[in-house]
Structure formats: C-alpha cells, structure tokens
Amino acid sequence: MKSVLFCVFMWICCIFCGPVSNAQDIGEKGIIPRPLIQTSGEGFFYLRKNTEIYTSPEGKQVALQLAELLRKSTGYRLPVKEGVTEKKNTICLSICTELDTLGREGYRLQIAPEKVSFTALDKAGLFYAMQTFRQLLPVSIEKNAVVKDVVWKVACTEIVDKPQYSWRGYMQDVSRTFYSVEVIKKYLDVMALYKLNVLHFHLTDDQGWRIEIQKYPKLTSPLTTRFAEKHKEPEERNGFYTQQQIKELVEYAAERHITIVPEIDIPGHSWPTLLVYPELGVNDKHYPEYVFPFLASWGYWGNQFTPNTLDPTKEVVYSFLDDVFEEIAALFPAEYIHFGGDEVRHIVWDKEPHITAFKKEHGMQNSLDLQNYFVGRVCQIIKSKGKKPIGWNDILENPEGLTRETAIMSWVGEEAIVEAAERGFYTVATPTDYLYFDITQADRNDGTMSDLAYRNINSIERIYNYDPAHGLKPEQKKYLLGVQANMWTAVPQEVKDMNVQNFPRLLAVAEIGWTSGKQKDFTAFEQRLQQHYGRLDQLKIDYYRPGGYITGHWHPEILSLAYQPLTWDVSTKVYTNGRIIAGFFYTHGENYMNIRKVELLENGKVISTDEHQGLADTFRGTNKTKTFLYHLQVDHYNPDAVYTLRAEVKGQGGTDSYGNFTFNQSPFRPFMEIEPHVEK
C-alpha cells in the first residue's frame with residue numbers, strides 16, 4: 001500500500017512541476033544509449049549541500065548507490081531517507097506498478113527546478129534512471145575525489161525510456177590473458193554506466209583454466225594457469241579466480257544489474273584440462289606440457305588448434321563435466337551456462353580407431369554425428385542443474401539433438417542468427433563482421449593491438465549501423481535475445497590495448513542493444529559521443545583516437561642501404577612507468593625495411609633495448625612472429641626528461657620504402673593514468 005501511495009505521489013509531483021516544453025534534439029543531452037522519449041523543460045536542478053534523497057523501501061539500494069556516487073566528487077552529505085516529501089531540492093525514487101509497459105528495466109526520469117524523480121516498475125529501472133541522471137551531470141562527477149568550483153546542475157527534462165533487447169552483452173576472454181578482479185570490476189562499472197547487462201565470462205580455453213573447481217584442484221595448478229617461463233609473460237597475465245572471488249564478482253555485478261554468464265569451452269579448446277587429467281583426452285598427445293600464449297600456437301602445433309580434445313566416447317568425460325557444471329551452477333545465478341562447442345577439429349577424432357568403433361556401434365555416419373551426440377549429452381547435464389545451455393552456433397549442426405531451452409550465440413555471419421530463429425532457438429547476435437572487438441577498427445598500420453588476420457574493418461560507424469534483426473521475419477524476432485560485443489585477448493593483452501579496442505565502440509553496442517532501430521542516427525550519435533570522451537578521461541579509460549599509435553613515419557629520403565639510426569622524439573608518448581611496443585608498419589613502396597636494434601633513451605642515455613632482426617613488411621597475420629614489433633620498458637619515469645626512440649634500420653634491396661612508426665606505452669597499473677592528449 002505504501003508503494004502505491006508513493007507512486008501516486010510521484011505522479012502528482014509530475015503534474016505540480018508543470019508541463020514540459022516541446023521536444024528538443026536528443027543529441028544536445030548527450031545520453032548514450034539514446035532514450036526512447038525525451039522532452040525539455042525550463043530551468044535547472046542544482047545539486048547542493050542540502051540536497052536530500054527520498055526513496056520507497058524497494059528503491060533504497062539504488063538510492064544508496066546514487067548517494068555514494070554523488071558524494072565522492074561533490075563532498076555533499078546527501079542523506080538517504082525512506083518515505084515521501086514535499087521538500088524542495090530533493091531526489092525521489094519510487095516503484096510504480098502503473099509503468100508496467102516499460103518493463104522491469106524501463107524508467108521515467110523527471111528533472112524539475114525543485115525536484116528530481118526516478119520512477120520505475122522495478123529497481124533495475126531505477127538503477128538505469130540513475131545512470132541517465134549521472135550522464136546529465138558534469139563529467140567531473142566521475143572523479144573519486146572532491147572537486148571544487150563545479151556547479152552541479154542538470155537541465156530540466158523528462159525522459160521515458162526502456163530497452164529494445166533484454167541481452168546487452170560484452171564478452172571478456174580471461175583465458176588467453178588473465179585479468180585481475182579489479183579490472184573486471186572496472187568493466188562492470190562502465191558496463192552499468194552504459195546500461196549493458198550481461199558479462200559473458202570466457203573462463204577456459206587452450207591458454208588457461210581460470211576458475212577454481214574444488215573437486216578437481218589440478219585444474220588450477222601452475223601447469224594450467226601460468227604461462228611457461230620461456231615466454232616471459234608479465235606476472236599479472238597468470239592466475240585464476242578462487243570461488244570466493246567469483247562470488248564477489250557475481251555480487252558486485254548483481255548490484256549493478258549485470259548478469260555474469262560463465263563459459264566452460266568444450267570439447268575443443270580444452271588443453272589445460274588434458275594436461276592435468278590426460279585420461280579425459282581422445283589421444284596421448286600432450287606436447288607441450290604447459291600452457292602458453294595464443295600467438296605461440298603455430299610454433300608448437302603448426303596452427304592455432306590443439307592436437308587433442310575431450311573424448312566424446314568416454315563416460316568418465318561426462319562424469320567430469322557433470323561435476324564441473326555442478327559447481328559452476330552453484331556459483332553463478334545466471335539463467336544460462338555457456339559450454340562453447342565451437343571449432344572442434346574432427347580430424348583429431350577421425351584418426352582414432354576407438355572413435356571409429358564407437359561411431360559404428362552407435363550408427364553414426366561421421367564425426368559430426370559424434371559431436372552432436374556430445375552436445376546433446378552436455379545440454380542434458382546443464383539442464384539437470386536447473387540451467388539453460390547456450391553455445392556458439394557450431395552446435396546448430398544437429399538442432400534435433402538440442403534441448404529446446406538451448407540458446408545459440410551466433411558468431412559465424414548474420415545467417416547464423418536467421419538459422420537459429422528459423423529453428424525456434426533463442427539467439428544472441430555477435431557476428432565477427434561487426435561485433436568482434438579484437439578486429440581492427442580503422443587502419444591495420446596504426447599500431448593498435450588487433451587483428452587475427454580478419455579481412456574486415458569493424459569501424460564504429462559499421463558497428464553502429466548494424467541491425468541484429470536484419471533478415472528476420474516479424475514472427476522470428478521474438479527469438480532474438482539481443483547483441484553482444486566480444487573481446488578476445490590473444491593480441492590486445494594489455495589493459496590499455498583492450499580499452500582502446502573496446503572504446504568507444506562498446507558505446508555503439510550499448511545503443512544497438514537499448515535503442516530502437518528507428519531512433520538510431522549515426523551523425524547524432526557521433527555528436528553525443530563527443531561529450532563522452534571527457535567522461536572516459538575522468539574514468540581513466542583509454543580509447544581509440546584517429547591515427548591510433550602512429551608517432552612518425554619513414555620514407556626513401558631518410559633510408560640507406562646500410563644500417564643507420566633513425567630517431568623520433570617520444571617525450572609526449574612516455575608518461576608513466578610501463579611496457580612499450582614500438583612498431584614499424586610498412587605501408588607502400590618497392591622495398592621493405594630491415595631493423596636490427598631499437599633503443600629508448602632518457603636525456604640521451606639508453607634505458608631500454610630490444611635487439612633482434614626485424615622486417616617491416618606486409619605481414620599482419622598471427623601464424624608467425626611480427627618481427628617489426630619491439631618491446632621496451634620504463635621503470636623510473638621522469639616527467640621532466642626528454643625521451644627519444646632510436647632505431648637502426650636500412651632499406652632491403654633498395655630505399656623505396658614508406659611506413660608508419662608507432663609507439664604505444666601501457667602503464668603497469670591499469671586505470672590509474674591515460675595517455676595524454678597531444679595534437680598530431
């Protein structure tokens with residue numbers, strides 16, 4: 001009854017505040033994702049020292065989150081009180097059942113000179129109203145320390161808003177490169193700001209098993225969670241999450257209305273499991289007997305795929321998976337558990353006599369039938385845990401073997417989305433051609449850590465204009481859960497590089513997932529985006545800038561046929577202690593360029609050196625080492641020093657060579673500093 005009265009009171013407040021004026025250009029408000037309806041009022045609401053927050057009981061958690069957010073930068077007390085009030089200069093939160101047409105994530109935000117009102121059907125809607133209000137405040141609201149001499153005002157407006165899709169996701173690969181709990185929490189914070197609500201947690205792959213399973217402690221032994229020392233990977237790229245840390249992350253995400261969907265990738269991509277439990281494998285191939293970075297795969301196996309997989313014919317494998325998914329289901333409240341199911345090399349199975357015998361015994365025509373058998377068994381295991389299975393669209397090869405609850409994550413082209421919907425399976429759109437963020441976003445020669453030899457360029461405009469429902473008939477659209485961006489960390493391993501690949505593209509995905517296609521307009525989005533670069537700066541998040549990491553160039557006039565030094569002043573590019581990648585990206589000309597040594601100098605003194613034979617050529621793939629990349633480091637940064645990059649180079653067979661010199665420093669401590677803005 002109290003909630004109903006509070007809701008009625010808020011509607012009265014709306015009337016009391018007077019009618020809003022004509023609708024204004026949404027772009028002027030700078031909100032991402034773009035709201036459903038926004039109209040403008042007159043005047044401003046000022047956040048002051050005496051501002052108070054009132055809330056219904058159901059909204060108290062959000063009210064406390066709002067107060068905590070605002071206190072950090074304003075220094076105001078902002079007391080939170082339950083109940084209704086007619087006081088001026090207040091922020092009021094309420095649950096209102098009359099807003100059922102907006103769904104649980106929809107909300108109504110009313111900003112008038114004397115009062116701000118958040119109204120929603122559910123506290124999730126209140127939370128998203130808070131994020132919109134946050135974006136309307138000056139960007140200094142994002143600071144973690146009190147900011148003086150800022151007028152905390154918001155233009156009067158009214159917004160009615162709800163999302164287009166229920167799944168607005170981001171996938172974080174923590175197997176190929178491990179990231180700390182703090183890094184994941186930071187991503188959860190930023191996802192919440194932009195109303196993304198699913199974190200797909202890719203916890204296992206060939207490069208590491210990253211989650212504690214108590215019944216199988218060997219899964220998190222050093223053999224499966226630490227890269228071999230010979231590869232000299234930074235210490236922070238090794239590790240795993242304890243179950244206590246997982247619980248902490250799940251709780252942290254839930255407070256931000258984000259669901260964490262775990263992925264245990266099987267039956268391929270299971271190298272760590274096979275190292276410590278070899279009896280689960282299809283053969284006895286276990287070389288090398290350790291995990292290693294993705295880009296080293298070709299040196300060991302001749303390709304990126306393992307020579308062994310889980311054995312789909314062994315009952316011990318299904319007992320193992322039953323135990324693992326039992327613990328996974330207990331840790332993650334999510335409706336779905338992802339089991340991968342992608343990129344299984346049937347050639348590995350076809351070579352094994354016992355596999356051939358099993359297929360013959362069970363009337364299977366080929367290894368595809370065997371994979372379908374495996375997928376069906378796994379789906380039943382996950383279903384027995386009270387969860388719904390979800391896998392990559394490779395599992396659609398035999399839809400009859402899937403449980404009807406199984407969802408499809410469509411990554412191989414847009415046609416996979418249509419196929420899943422046609423067959424009556426719920427699907428998440430995440431095609432490589434638009435939503436793989438390890439793919440280059442502008443120029444393969446700009447030094448950004450991207451590109452697994454994909455041919456396409458996933459520019460922010462291409463991403464923004466993507467329609468996940470394209471090709472679906474009206475009756476099939478109900479099967480489209482939503483969209484998801486994927487970050488595979490084989491190449492962009494540093495947190496800074498990952499950020500540059502994700503931002504601002506992730507904001508475009510947020511708008512695809514939330515905003516109706518009829519309201520999308522890339523030009524207007526670009527205008528609103530300009531206001532968010534400053535917010536990302538305050539949050540200490542690096543993002544892509546035109547030109548990437550290009551710092552200089554070479555051309556025929558400065559080359560010779562004998563090694564000689566080229567130098568570039570990189571003082572503006574060195575800004576903290578951290579690791580550096582200096583790159584030499586050939587762009588055109590009759591000749592490539594040889595490099596044999598690269599040095600970083602501080603006030604004329606060499607402080608870091610990488611000496612190896614390199615070739616600046618056209619290679620941009622992953623099946624061999626990019627010798628034109630050089631690795632340096634700054635351990636004792638001097639802000640008053642002059643930093644110079646010196647490279648010994650020569651033309652190969654001639655001097656008709658042109659290219660970009662790139663310089664990229666990644667801080668040892670992520671999210672503490674960002675690369676300074678310098679006009680190019």
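**Entry 1: a loop residue**

I started at S166, which sits in the loop between β7 (153–161) and β8 (167–173). I keep in mind that this is a predicted model. Is S166 buried, exposed or partly exposed? I find 48% relative accessibility, so S166 counts as partly exposed, a class that ends at 50%. Next I looked up its neighbours: leaving aside residues up to four places away in sequence, S166 touches N197 and L481. I also checked S166 against Y543: the two are 377 residues apart in sequence, and their C-alpha atoms are 27 Å apart in space.

**Entry 2: the domains**

I then pulled up the domain assignment of the protein chain, which gives domain 1 (37–161), domain 2 (167–539) and domain 3 (550–667). I turned to domain 1 and domain 2, whose C-alpha centres lie 36 Å apart. In contact there I find 21 residues of domain 1 and 17 residues of domain 2. How much area do domain 1 and domain 2 bury between them? My note says about 1,600 Å², with 49% of it on carbon and sulfur atoms. Three residues deserve a friendly underline: Y128, Q135 and V139 supply 36% of the area that domain 1 buries against domain 2, more than any other three residues.

**Entry 3: polar links across the interface**

I looked up the charged pairs next and found two salt bridges between domain 1 and domain 2. I also inspected the side chains of E142 and R535, which meet in a salt bridge at 2.8 Å, N to O. For polar contacts, I have twelve residue pairs across the interface of domain 1 and domain 2, with both residues at pLDDT 80 or more.

Which elements build the side of domain 1 that touches domain 2? I see α2 (60–74) and α3 (123–136) each supplying at least two residues. The largest share, eight residues, comes from α3. By residue class, I sort that side of domain 1 into eight nonpolar, six polar and seven charged residues.

**Entry 4: a covered helix**

Last, I checked helix α16 (residues 495–502) and found it mostly covered, with eight of its eight residues buried. I wrote down the buried residues of α16: V495, K496, D497, M498, N499, V500, Q501 and N502. What do the buried residues of α16 pack against? I list the strands β8, β17 (480–487) and β26 (658–667), along with the helices α4 (181–193) and α17 (505–514). That brings me back to β8, which also borders the loop that holds S166.

Note on methods. Residues are numbered from 1 along each chain as its sequence is written. This is a predicted model: local features need pLDDT of at least 70, side-chain atom pairs count only at pLDDT 80 or more; totals for chains, interfaces and linings use all residues. Side-chain values use heavy atoms; hydrogens and water are left out. Domain bounds come from an automatic or database domain assignment. Contact means heavy atoms within 4.5 Å. Buried area is the accessible area (1.4 Å probe) that two parts lose on being put together, summed over both. A salt bridge is a side-chain nitrogen of Lys or Arg within 4 Å of a carboxyl oxygen of Asp or Glu. A polar contact is a pair of N or O atoms within 3.5 Å; within protein, one must be able to donate a hydrogen and the other to accept it, and residues adjacent in sequence count only if both atoms are side-chain atoms. Helices (H or I, at least four residues) and strands (E, at least two) are DSSP runs, numbered from the N terminus. Ala, Val, Leu, Ile, Met, Phe, Trp, Tyr, Cys and Pro count as nonpolar, Asp, Glu, Lys and Arg as charged, and the others, Gly among them, as polar. Buried means under 20% relative accessible area, exposed over 50%, partly exposed in between (1.4 Å probe, protein chains only).
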